[in-house]
Amino acid sequence: MNEVTLLADALFPRGISHYLLGGILIGLGTALIYVGTGIHAGASTFLESTLSYGSKLRRFQQPRFVASRDWRVVFTLGIVAGAAAYSLALGDFGWTTEVQPWRLFGGGILIGIGTRLGKGCTSGHGVCGVGSASRVSILNVGIFMLVAVGVAQLVMALGVTP
């Protein structure tokens with residue numbers, strides 16, 4: 001049992017309570033959105049929904065984007081506002097990474113491309129899809145994890161650091 005405690009302390013030096021509380025709040029939020037709208041709360045369609053406001057391209061004028069764009073904007077603003085409120089309440093606000101902005105931008109572009117290829121993001125597939133026992137989502141999450149672990153191992157082997 002002592003080994004388990006040492007492992008938990010090594011993996012979670014600040015404890016696990018805030019991770020547990022965060023998971024509960026994410027689960028409650030996605031359940032509330034699903035009950036209220038019947039739509040999974042994935043964030044990857046936010047950009048396409050938002051572009052439907054100003055773009056005349058047929059891709060962005062699909063009924064599923066136009067019909068859900070208002071609540072998706074509110075959803076995304078709520079994510080940002082919730083993170084800001086938490087940070088301000090705890091006095092832990094600001095830049096929290098050593099990674100250069102150009103690397104974050106490049107990683108964000110790759111993630112955006114990956115979410116389109118994977119037909120959704122980790123929030124849609126991971127939280128909502130797996131929670132709904134969707135076979136497609138379970139498969140996607142398995143692929144996400146395998147690729148993420150593989151890329152992390154490759155990057156580490158190449159000696160890349162922030």
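Helices (H or I, at least four residues) and strands (E, at least two) are DSSP runs, numbered from the N terminus. The structure is a predicted model, in which local features need pLDDT of at least 70 and side-chain atom pairs count only at pLDDT 80 or more, while totals for chains, interfaces and linings use all residues. Residues are numbered from 1 along each chain as its sequence is written, and side-chain values use heavy atoms, with hydrogens and water left out.

**Exercise 1. Describe the elements and the extent of the protein chain.**

Step 1. The protein chain has 7 helices and 0 strands.
Step 2. Read from the N terminus, the order of the elements is α-α-α-α-α-α-α.
Step 3. The C-alpha trace spans about 55 × 35 × 35 Å along its principal axes.

**Exercise 2. Describe the largest pocket and its lining.**

Step 1. On a 1 Å grid over the protein atoms alone, a pocket is an open set of points where a 1.4 Å probe fits, with protein on both sides within 12 Å along at least five of seven lines; lining residues have an atom within 4 Å of a point.
Step 2. The space in the largest pocket is about 860 Å³, where a volume is the space filled by probe spheres set on the points, joined across faces, edges and corners.
Step 3. Its lining has 23 residues, and G22, L25, I26, G82 and A83 lie nearest the centre.
Step 4. Two or more lining residues come from each of α2 (17-37), α4 (63-90) and α6 (122-131); α2 gives the most, with 9 residues.
Step 5. Ala, Val, Leu, Ile, Met, Phe, Trp, Tyr, Cys and Pro count as nonpolar, Asp, Glu, Lys and Arg as charged, and the others, Gly among them, as polar. The lining of the largest pocket has 13 nonpolar, 8 polar and 2 charged residues.

**Exercise 3. Describe the second largest pocket in the same manner.**

Step 1. About 540 Å³ of space lies in the second largest pocket.
Step 2. Of its 18 lining residues, I111, T122, F144, V147 and A148 lie nearest the centre.
Step 3. At least two lining residues are supplied by each of α5 (101-117), α6 and α7 (135-157), and α7 has the largest share, 7 residues.
Step 4. By class, this lining has 11 nonpolar, 7 polar and no charged residues.

**Exercise 4. Locate L158 and classify its exposure.**

Step 1. L158 is found in the segment after α7.
Step 2. Buried means under 20% relative accessible area, exposed over 50%, and partly exposed in between (1.4 Å probe, protein chains only).
Step 3. L158 has a relative accessible area of 62%, and is therefore exposed.
Step 4. Of the 162 residues of the protein chain, 18% count as buried.
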